[in-house]
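Take a walk through this model with the structure open beside you. We begin at the ligand and then move outward.

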Amino acid sequence: MQAINFENVKFSYSDAEENAFALRDVSFSVEEGEFLAILGHNGSGKSTLARLINKLLEPDEGKITVFGMDVSDPKNTFEVRKSVGIVFQNPDNQMVASIVEDDVAFGPENIGVEREEIGRRIDYALDAVGMQAFRHGTPTRLSGGQKQRIAIAGVLAIKPKIIIMDESTAMLDPRGRKEVMDVVLKLNKEEKLTVIMITHFMEEALLADRAIVMNRGEIVMQGAPKEIFSREEDLETYNLTLPAVSAISKALRAGGMDVQATVSLEELAKEIEECVSKRKI
Ligand SMILES: Nc1ncnc2c1ncn2[C@@H]1O[C@H](COP(=O)(O)OP(=O)(O)OP(=O)(O)O)[C@@H](O)[C@H]1O
Ligand SMILES: [Mg+2]
């Protein structure tokens, strides 16, 4: 089933200059269970797109559906908001309570889930992010990665079908980023949660099933991450960096070594080996 569908969506902020659209004419869809990465330089419209999905913003034109529900229909607002959870960038801004379990309970309490069920959901959500041991702890004492896992647990406690990570790893150290990515990948693979990952880290995008690239409010590339990262010139045009392995292979080519563009470290190593052995002969 289609989890999200955008049809010719346009959006401008009310205080923006005339004709300054944050989203120009955006059409795309996401299948249930898919892991989609959204890339694009600063101001390209990624967060605006995310906020339109769960109705924090409403489009000026076009149609958005979430699991077939038209988001512009007020009758669907509650269901749509429940179906789509967003985890934001700053872990400190997302903590609302002074005890971890109260923080996770905040979302379900807000939508009127009954007490016993809330207890079950806290259990499930903390297990899912590997933070059960911190249940009675204080969020402020946690590392950035742990805080983001609590933020994810808070979203999971609402039982969404779609989770949007809006640069949720941007403020984390490499270890925190890995913790969060591992949790997200597990939820995607094991719970079939639909994931939308907005990121500036190309290595994270490589883990997705599909990626879209935004530029000035438009989708300018979409496809398998590997395929997108092989289009080096286009990426340069849209101001994106290459994943580390692609950058190394590009530098080697510039230095006269005949290696193919690749995102896989194993493939690159094999190609270098071949080049070196050919030279020996
Ligand atoms: N609250 C707002 N009011 C007015 N304009 C805004 C607002 N939020 C974003 N914009 C403008 O809308 C456009 C798209 O912004 P958006 O935040 O969606 O980009 P982004 O791709 O998420 O960028 P970043 O990578 O910096 O997070 C930009 O031109 C931005 O300046
Ligand atoms: Mg943003």
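Which residues surround ligand 1? This is a predicted model, and in it the ligand's shell is made of Y13, D15, A16, A22, G40, N42, G43, S44, G45, K46, S47 and T48. Sort them by character. Seven are polar, three are nonpolar and two are charged. Now sort them by element. Helix α1 gives the largest share of the shell, three residues.

Follow that helix to the sheet beside it. Four strands make up an open sheet, and their order is β2-β1-β4-β5. The pairing here is antiparallel. At the edges stand β2, residues 23–31, and β5, residues 69–70. Each has a single partner strand, so one side of each is left without a neighbour in the sheet. Helix α1, residues 46–53, packs on this sheet. It touches β1, β2 and β4, the last of these spanning 61–66. The direction of α1 makes about 120° with that of β1.

Look next at one pair of strands in this sheet. Strand β1 covers residues 2–11 and pairs with β2 over six bridges, in the antiparallel sense. To find a spot on this pairing, start at F6: its bridge partner in β2 is F28.

There is also an open sheet of six strands. Its order reads β6-β7-β8-β3-β9-β10, and its pairing is mixed. The edge strands are β6 (84–87) and β10 (218–223), and each pairs on one side only. From one strand to the next, the twist averages 20°.

Where do parallel neighbours occur in it? Strand β7, residues 162–166, and strand β8, residues 194–198, run parallel and are joined by five bridges. Among the positions to find here is I164, whose bridge partner in β8 is I196.

Now step back to the whole chain. Its secondary structure comes to eleven helices and ten strands. The chain is divided into two parts: domain 1 spans 2–224, and domain 2 spans 242–281. Their C-alpha centres lie 36 Å apart.

What about overall dimensions? Along the principal axes, the C-alpha atoms fill a box of roughly 75 × 50 × 35 Å. The radius of gyration of the chain is 21 Å. A compact globule with 281 residues would have a value near 19 Å, so the chain agrees with that expectation.

Conventions:
Residues are numbered from 1 along each chain as its sequence is written. Chains are lettered from A and ligands numbered from 1 in the order in which they are written. This is a predicted model: local features need pLDDT of at least 70, side-chain atom pairs count only at pLDDT 80 or more; totals for chains, interfaces and linings use all residues. Two strands pair if DSSP finds at least two bridges between them. Helices (H or I, at least four residues) and strands (E, at least two) are DSSP runs, numbered from the N terminus. Two residues are in contact if their C-beta atoms, placed from the backbone, lie within 7 Å. Axes are lines fitted to C-alpha atoms, for helices over the stretch in contact, and angles run from 0 to 180 degrees between N-to-C directions. A residue is near a molecule or strand if its C-beta atom, placed from the backbone, lies within 6 Å of it. Ala, Val, Leu, Ile, Met, Phe, Trp, Tyr, Cys and Pro count as nonpolar, Asp, Glu, Lys and Arg as charged, and the others, Gly among them, as polar. Domain bounds come from an automatic or database domain assignment. The radius of gyration is taken over C-alpha atoms; the globule rule is 2.2 Å times the number of residues to the power 0.38.
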